[in-house]
Amino acid sequence: MSQRSCLSIILAAGEGTRMKSAVPKVLHTIAGLPMVAHVVKAAEAAGSGDLALVIGHGADDMRKAALKFAPKAEAFVQEKRLGTAHAVLAARAAISKGYDDILVMFGDTPLIDPEALAAARLKLAEGAAVVVVGFRTEHPSGYGRLIEKAGKLVAIREERDCSDEEKKITFCNGGLMAVAGRHALKLLDQVGSKNAKGEYYLTDIVEIAAAQGLDVVATEASFENALGINNRAELAQAEGIWQARRRQEAMLSGVTLVAPETVFFSHDTEIGADTIVEPNVWFGPGVKIATGAKIHAFSHIEGATIASNCDVGPFARLRPGADLRNKAKVGNFCEVKQAIVEEGAKVNHLTYIGDARIGAGANIGAGTITCNYDGYSKFFTDIGEGAFIGSNSSLVAPVSIGKDGYIASGSVITESVPDDALAFGRARQRTLPGKGKELRERFASAAAARKKG
Ligand code: UD1
Ligand code: CA
């Protein structure tokens, strides 16, 4: 089947006004990825080679965004929103190139399953002219109904055009359709707009094809395949379903999630076996975790690479470029950005490490700050292997601490420290016996004098 050429057409010319947003509907994200990009991924996973994106007039944001998630896609503008068949025909030039299979998907239906697409393509390979991916629901209101006669699909009727009898049908059009390339344009060009909405309905090709004796087939998939997003409540619903699937997948692949419903993955999170994730952990985009790591509760992690057996959190924040090598430790209330924490190094408490390298086995005391920014530019801090940074030190970058260097706590380090050196960057302590008492007495009598006067 993989030899069959395939074009996916993704309809994304919707107005999406119910999102109440300046952002086009299909660019709203699920697991950090625009919903239309989820559709693109599903198409690719089903072996679709080429991609046509049908967008609304003047959708510059869409074009720009598409360059990121579908750089090879060809964009077509549907000038007027005259219906789903009209939208598909906006990609006429692409369809005309001649494909074995054509898949039509909606950009606002992000949970479609590549397997449902592959199953539909298989039906085309077996000779069907049109394949409709249907689903069953007890609440069919709003969906096109699949009208069957003698076990054969003969039409799809939109809700508004249904008779009372037809409205009772619970087998619905999920919106995914596969069409044999050689029939596609001929069928689409026959679609008229005689219906309650006066639109050119893609779904009408079913009746047209069936009437011409072509093979029309309905397959069945789960409801999620049809879950179209129209507002932010539905967006959250889709996010919930996506997360539930991903958690299940993670657990079955050997990751312990103590309270799965409180862990949020990104579309691209990679997490290895024997990692334990405690409750309330958030993964933003670009996280890679090897095996055996412990991610303690309430950690927020994005763009970070975490090697085997690392220990992170609780309440750690790893930002883009955080690169933890084997057995590194980043503890509570620590933030790490654009920094390598080498093997076995420890950043345990209340620390900010940005634009830095921390050598293997180094120990970073509580409250250490790499002062990496002067308000204009960022500078680098290099901490050598085995170094010890005393608590509450400020390392003013650019600066380096040599191998096994030792920084006294409370230091402000502005000059680089060589290997094995001890550096104090603070005033020496003075202790004056009896002076505390004397001071108190002076202050007390001054206060009394003020009260009197
Ligand atoms: C459509 C199906 C219906 C199915 C339902 C599943 C048709 C005629 N109806 O109904 O059978 O049960 O989806 O969710 O296909 N679009 C354009 N340009 C247009 C019109 C639509 O790009 O001119 C895009 C929309 O952005 C949307 C998709 O096509 O992504 C579906 O359009 P919509 O109007 O939402 O169709 P439904 O009424 O939901
Ligand atoms: Ca819809």
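**Phe 135 is a buried ring.** In this predicted model, the relative accessible area of Phe 135 is 1%. Buried means under 20% relative accessible area, exposed over 50%, and partly exposed in between (1.4 Å probe, protein chains only). Tyr 143 is partly exposed, at 23%. Phe 135, Tyr 143 and Phe 223 make up one aromatic cluster.

**Aromatic pairs: an edge-to-face example and a stacked one.** Seven aromatic pairs occur in the structure. Phe 135 and Tyr 143 have ring centres 4.9 Å apart and planes at 85 degrees, so their pair is edge-to-face. For Phe 315 and Phe 333, the centres are 5.0 Å apart and the planes meet at 15 degrees, so this pair is stacked. Phe 315 sits in the loop between β21 (311-312) and β22 (317-318), and Phe 333 in the loop between β24 (329-332) and β25 (335-341), so the pair ties together parts 18 residues apart in sequence. Phe 315 is partly exposed, with 38% relative accessibility. Rings of Phe, Tyr and Trp (its six-membered ring) pair when their centres lie within 6.5 Å; planes under 30 degrees apart are stacked, over 60 edge-to-face, the rest tilted.

**Charged ends over rings: Arg 247 on Phe 264 and Lys 378 on Tyr 373.** Arg 247 lies over the face of Phe 264, 5.0 Å from the ring centre. Lys 378 places its charged end over the ring of Tyr 373, also at 5.0 Å from the centre. The criterion is NZ of Lys or CZ of Arg within 6 Å of the ring centre and within 35 degrees of the ring normal.

**Strand β1 is covered on both faces.** β1 spans residues 6-12, and seven of its seven residues are buried. One side carries Cys 6, Ser 8, Ile 10 and Ala 12. Leu 7, Ile 9 and Leu 11 are on the other side. β1 pairs in the parallel sense with strand β6 (residues 101-106), over six bridges. Within that pairing, Met 105 of β6 is the bridge partner of Ile 10. β1 also pairs in the parallel sense with strand β4 (residues 50-56), again over six bridges. There, Leu 7 stands opposite Asp 50. Strands pair if DSSP finds at least two bridges between them.

**Strand β10 lies antiparallel to β6 and to β7.** β10 covers residues 171-180, and 10 of its 10 residues are buried. Its antiparallel pairing with β6 uses four bridges. Seven bridges join β10 to strand β7 (residues 130-136), also in the antiparallel sense. Ala 178 of β10 stands opposite Leu 103. Val 131 stands opposite Ala 178 as well. Strands (E, at least two residues) and helices (H or I, at least four) are DSSP runs numbered from the N terminus.

**Helix α2 has a buried face.** In α2 (residues 60-69), the buried residues are Met 62, Ala 65, Ala 66 and Phe 69. Seen down the helix axis, they fall within an arc of 105 degrees, so they line one face. The arc is taken over the directions from the axis to the C-beta atoms. Asp 60, Lys 64, Leu 67 and Lys 68 are exposed on the other side. The buried residues pack against β1, β3 (33-34), α1 (35-45) and β4.

**Ser 266 is buried in a loop.** The loop runs between β13 (263-264) and β14 (270-271). Ser 266 has a relative accessible area of 2%. Its side chain reaches the backbone oxygen of Ala 31 at 3.3 Å. Polar contacts are N or O pairs within 3.5 Å, with one atom able to donate a hydrogen and the other to accept it within protein; residues adjacent in sequence count only if both atoms are side-chain atoms. Leaving aside neighbours within four places in sequence, Ser 266 is in contact (heavy atoms within 4.5 Å) with Ala 31, Trp 242, Phe 283, Gly 284 and Pro 285.

**Ala 118 and Ser 377 are 51 Å apart in space.** That distance is taken C-alpha to C-alpha. In sequence, Ala 118 and Ser 377 are 259 residues apart. Ala 118 belongs to helix α5 (residues 114-125). Ala 118 is partly exposed, at 27% relative accessible area.

**Conventions.** Residues are numbered from 1 along each chain as its sequence is written, and chains are lettered from A and ligands numbered from 1 in written order. Local features need pLDDT of at least 70, side-chain atom pairs count only at pLDDT 80 or more, and totals for chains, interfaces and linings use all residues; side-chain values use heavy atoms, leaving out hydrogens and water.
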